[in-house]
Amino acid sequence: MEFVGIDKFSLLDYDEKVSVVLFSPACNFRCPFCHNGESVLNSNTPIPFEEIYQFLKTRVGLIDAVVFTGGEPTLMPELIERIREVKALGFLIKLDTNGTNPNIIEQLLHEGLLDYIAMDIKNSEERYAWTAGCQRINMENIKKSIEIMKNSGINYEFRTTLVKEFHDEKSIREMAELVRGAKQLYLQKFVDREGVIQKGLHEVNIEEANKFREILSEVVSTELRGY
Ligand code: SF4
C-alpha cells in the first residue's frame, strides 16, 4: 500500500496534538474547491507504507497522533490493517473522510482503532453531488456515516468548506437537517490557492458566514474556522 504525501510535523490537523499527516491516493469525489488536487488525481509520487512505518517508529514519544487524510483514505484496500500497525506504536489516530464508506468507519470504530474522525458535509442533500463534483452520490451512505459518528462515543467533527458558488441561505438551511443533533460543525473558509481542482472560485464573506453559523447553531454547535 502506498501513500502520496506525508507532512512530518503538523500542529493544525489534530486538535492540540502534534501529528504526522499521511495523504492517501485517489478520491471518489471531485470537489472543485479541493486543495488536495494532486492526491485526488493521483499524480503525486507514491511513498511505500513500509518507508512511512519506519519513519513513524522514530517518532514514538515525539509526536502524539497520526492523521489519515486524502484523497479518501477509506478507499485504500489495506487501510484497516495499516491503521492497526500504526495504532500499535501508541499513536492517537485521526481519520479524515468524505463519509462514502460507512462500513469501513464502523469496522475501525468496532476495533477501537480511531480516536478522532472528521467528516466533510458538502452541502444540502439536493446540492451534494454537484458540490462534490459528481454525477450522483449515494446519500444513504453519507447519512449512515453521519449517524455512526454521532453514536461513536469518540471525538468527532463535521466540517463544511464554504464556497460562494455552492452555498447560500437555502442550501445551508437544508444542510442543517443532515447534521441536526450532532456535536460539532466547523464552517471553513475557502482559500483559492495552488493545487485547487477548479481555479476561480470565491470564499463566502464573513457577514454571510456568520449568518450561516447562526442558522446552523439552531441544530448543532457551529464555529467558523479560518475567518
Ligand atoms: S475535498 Fe475531500 S472529498 Fe473532495 S475531492 Fe478533495 S479529498 Fe475528495
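This report describes the fold, the ligand surroundings, two helices, selected buried residues and the backbone exceptions of a predicted model.

## Overall architecture

The protein contains 8 helices and 10 strands. Its radius of gyration is 17 Å, close to the 17 Å that the globule rule gives for 227 residues, so the protein is as compact as a globular protein of that length. The C-alpha trace spans about 50 × 35 × 30 Å along its principal axes.

Buried residues make up 39% of the 227 residues. Of the contacts between residues at least 6 apart in sequence, 75% join residues at least 24 apart.

## Surroundings of the ligand

The residues around the ligand include three cysteines, Cys-27, Cys-31 and Cys-34, together with Phe-29, Arg-30, Asn-36 and Val-40. Further along the chain, Gly-70, Gly-71, Glu-72, Asn-98 and Asp-120 also belong to this shell. By class, the shell has 5 nonpolar, 4 polar and 3 charged residues.

Two of the shell residues, Gly-70 and Gly-71, are joined by a cis peptide bond, with omega near 5°. Gly-71 is located in the loop between β5 (65-69) and α3.

## Helix α6

Helix α6 comprises 12 residues, 139-150. At 1.5 Å a residue these should span 16 Å, and the end C-alpha atoms are 17 Å apart, which agrees. The buried residues of α6 are Ile-142, Ser-145, Ile-146 and Met-149. They cover an arc of only 100° around the axis, which puts them on the same side of α6. In general, an α-helix has 3.6 residues a turn, so residues three or four places apart point the same way.

Glu-140 and Glu-147 are exposed on the other side of α6. The cover over the buried residues of α6 includes α4, β7 (116-120), β8 and α7.

## Helix α8

Helix α8 has 12 residues, 206-217, with an expected span of 16 Å at 1.5 Å a residue; the end C-alpha atoms are 16 Å apart, which agrees. Ala-209, Phe-212 and Leu-216 are the buried residues of α8. Their arc around the axis is only 60°, which puts them on the same side of α8.

The exposed residues Glu-207 and Glu-214 are carried on the face of α8 turned away from its buried side. Among the elements that cover the buried residues of α8 are β8 (155-162), α7 (169-179), β9 (184-189) and β10 (221-225).

## Selected buried residues

Ile-83 lies in helix α3, which covers residues 79-88. With 21 other C-beta atoms within 10 Å, Ile-83 is buried. Beyond residues up to four places away in sequence, Ile-83 touches Phe-68, Ile-93, Leu-108 and Leu-113. Gly-133, 50 residues from Ile-83 in sequence, is 29 Å from Ile-83 in space, C-alpha to C-alpha.

Pro-102 belongs to helix α4 (residues 102-110) and is buried, with 21 other C-beta atoms within 10 Å. Leaving aside neighbours within four places in sequence, Pro-102 is in contact with Asn-141, Lys-144, Ser-145 and Ile-148. The C-alpha atoms of Pro-102 and Ile-142 are separated by 7.4 Å, although the two residues are 40 residues apart along the chain. Phe-190, in the loop between β9 and α8, is buried with 20 other C-beta atoms within 10 Å. Its contacts, apart from neighbours within four places in sequence, are Phe-33, Thr-161, Leu-162, Val-163, Leu-201 and Glu-203. Phe-190 and Phe-158 are 32 residues apart in sequence and 16 Å apart in space, C-alpha to C-alpha.

## Backbone exceptions

Most residues other than glycine have a negative phi, and most peptide bonds are trans. Glu-16 has a positive phi, near 60°. This residue is in the loop between β2 (5-10) and β3 (19-23). With 7 C-beta neighbours inside 10 Å, Glu-16 counts as exposed.

Ala-26 likewise has a positive phi, near 70°. Ala-26 is placed in the loop between β3 and α1 (37-40), where it is partly exposed, with 15 other C-beta atoms within 10 Å.

Note on methods. Residues are numbered from 1 along each chain as its sequence is written. This is a predicted model: local features need pLDDT of at least 70, side-chain atom pairs count only at pLDDT 80 or more; totals for chains, interfaces and linings use all residues. Helices (H or I, at least four residues) and strands (E, at least two) are DSSP runs, numbered from the N terminus. The radius of gyration is taken over C-alpha atoms; the globule rule is 2.2 Å times the number of residues to the power 0.38. A residue is buried if 20 or more other C-beta atoms lie within 10 Å of its own, exposed if 12 or fewer, and partly exposed in between; C-beta atoms are placed from the backbone. Two residues are in contact if their C-beta atoms, placed from the backbone, lie within 7 Å. A residue is near a molecule or strand if its C-beta atom, placed from the backbone, lies within 6 Å of it. Ala, Val, Leu, Ile, Met, Phe, Trp, Tyr, Cys and Pro count as nonpolar, Asp, Glu, Lys and Arg as charged, and the others, Gly among them, as polar. The expected span of a helix is 1.5 Å times one less than its number of residues. The arc is that of the directions from the helix axis to the C-beta atoms.
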